[in-house]
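Reader: I have a model open on my screen and would like to learn how to read it. Could you walk me through it, feature by feature?

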Amino acid sequence: MLEIILDKTVIDDFGSFSMQGRILEKILLNDNNLFIISKKLLIYIEEKLSGAILERWENLFLYLHDNNKLKSIQNYDTLNVDEIYASIGNTDNYVFVLKNISSPINDNEYTCYLKDSSLNNNFLIKILQTNQVTFRSSDFNSNAQIDNFFTKMITCSKTNKEVIIIARYNNFSCTLIEKVKAKFIKKEYWTTLKNNNCSTNNVALMKMKLGSTLKVFTGTNKDIHERKIIIGNMLLEFDDDFDKIKSSLHTWTGSCIINEDVVTKLIKKRKNLNPLN
């Protein structure tokens with residue numbers, strides 16, 4: 001589930017035939033999104049709009065309310081979306097602010113803009129529209145661009161649950177894993193049980209790599225084959241090792257999915273694994 005805080009700057013776009021209007025409509029009508037709208041924003045809309053566009057917003061609010069897609073409006077009494085974002089506590093959902101554009105752009109990691117054609121923002125728009133995005137090495141011009149995207153998605157998390165890293169081998173010498181290690185205290189590592197002295201089954205060594213609170217779970221090759229990272233309700237998935245996710249290597253594809261049902265189903269795999277002490 002995505003939680004989206006609407007900023008007053010998007011009000012005029014809803015129902016328009018502009019590209020921004022079409023983008024906004026897809027986001028608003030995505031059934032997997034939950035919207036945070038303050039009392040002050042409702043008052044602002046009633047005072048600023050009239051006629052057909054006001055009626056469109058009123059009908060939208062009725063639709064969102066009837067389908068349980070509105071978060072309690074009474075909890076938020078400000079037009080400052082950054083204050084609303086800061087007031088939201090721990091949640092497995094991802095929370096984003098949606099604005100039209102600001103000049104100059106104040107690029108908070110959690111803010112998405114309707115009028116911004118930058119790479120990260122385009123990825124985020126797709127996530128808000130469909131709750132997922134696929135990306136490849138050819139999408140990026142540098143490792144810095146890849147790192148910036150991962151930084152955005154990791155930094156935005158408000159979860160206090162264990163982050164789960166799934167991989168058969170500990171190819172962890174990469175920025176992605178370092179960012180996960182730095183952001184989250186509680187982590188799990190799911191890997192295959194090896195018959196030799198493979199370092200992935202050395203709990204002490206893995207704790208040195210990923211943190212002292214790490215929990216290690218092992219399974220068979222049938223249980224563990226993929227390379228995944230679960231952060232709250234977000235799933236990052238790759239078809240190559242984590243340390244191969246570079247702009248110079250053209251063999252990999254990744255995806256980012258924010259979907260509670262997908263994550264919940266995957267986490268159920270834990271019951272087939274064995275804790276390694």
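Author: Happy to! Let's begin with a term: two strands pair if DSSP finds at least two bridges between them. Keep in mind, too, that this is a predicted model.

Reader: Thanks. Which residue of β9 is the bridge partner of Ile164?

Author: Ile164 has Ile230 as its bridge partner in β9. Likewise, Ile165 is matched with Ile229 of β9. Strand β6, residues 163–166, and strand β9, residues 227–231, run antiparallel and are joined by three bridges.

Reader: What lies on the other side, where β9 meets β10?

Author: There, five bridges link β9 to β10 (residues 234–238), and these strands also run antiparallel. One of the pairs is Arg227 with Phe238 of β10. The two strands form a hairpin with two residues between them, and Gly232 takes a positive phi near 60° in that hairpin.

Reader: Is β9 mostly covered or uncovered?

Author: Mostly covered: of the five residues in β9, four are buried.

Reader: Now let me zoom out. What is the strand order in the whole sheet?

Author: The sheet is open and has eight strands, in the order β5-β11-β10-β9-β6-β7-β8-β12, with mixed pairing. At its edges are β5 (132–136) and β12 (274–276), each of which pairs on one side only. On average, neighbouring strands are turned by 20° against each other, direction ignored.

Reader: Which helix packs on this sheet?

Author: Helix α8, residues 203–210, does, touching β6, β7 (187–192), β8 (215–219) and β12. The direction of α8 makes about 130° with that of β7.

Reader: How should I read the two faces of an edge strand such as β5?

Author: Here is the general idea: side chains in a regular strand alternate between the two faces of the sheet. In β5, Val133 and Phe135 make up the covered face, while Gln132, Thr134 and Arg136 make up the uncovered one. As for its pairing, β5 is joined by five bridges to β11 (residues 253–258), running antiparallel. Thr134, for instance, has Ser255 as its bridge partner in β11.

Reader: Next, a charged residue caught my eye. Where is Glu226, and why does Glu226 count as buried?

Author: Glu226 is in the loop between β8 and β9. The cut-off for buried is under 20% relative accessible area. Glu226 has a relative accessibility of 14%, so it counts as buried.

Reader: Which side chains make polar contacts with the side chain of Glu226?

Author: The side chain of Glu226 makes one with the side chain of Lys228 at 3.2 Å and another with that of Lys269 at 2.7 Å. Leaving aside residues up to four places away in sequence, Glu226 touches Ile166, Ala167, Arg168, Leu266 and Lys269.

Reader: Last topic: how do I describe two packed helices?

Author: The angle between the axes and the distance between the axes describe such a pair. In this model, α1 (residues 19–28) and α5 (residues 119–130) pack at about 45°, with axes 7 Å apart. That angle is why α1 is called oblique to α5. The contact involves Ile23, Lys26 and Ile27 from α1, along with Ile125, Leu128 and Gln129 from α5. By type, the residues of this contact are four nonpolar, one polar and one charged.

Terms used: Residues numbered from 1 in each chain as written. Predicted model: local features only at pLDDT ≥ 70, side-chain atom pairs only at ≥ 80, totals over all residues. Heavy atoms only, no water. Axes fitted to C-alpha atoms, helices over the stretch in contact; angles between N-to-C directions. Contact = heavy atoms within 4.5 Å. Buried < 20%, exposed > 50% of the residue type's maximum accessible area, 1.4 Å probe, protein only. Polar contact = N/O pair within 3.5 Å; in protein donor to acceptor, adjacent residues only side chain to side chain. Parallel < 35°, antiparallel > 145°, perpendicular 65-115°, else oblique. Nonpolar A, V, L, I, M, F, W, Y, C, P; charged D, E, K, R; others polar.
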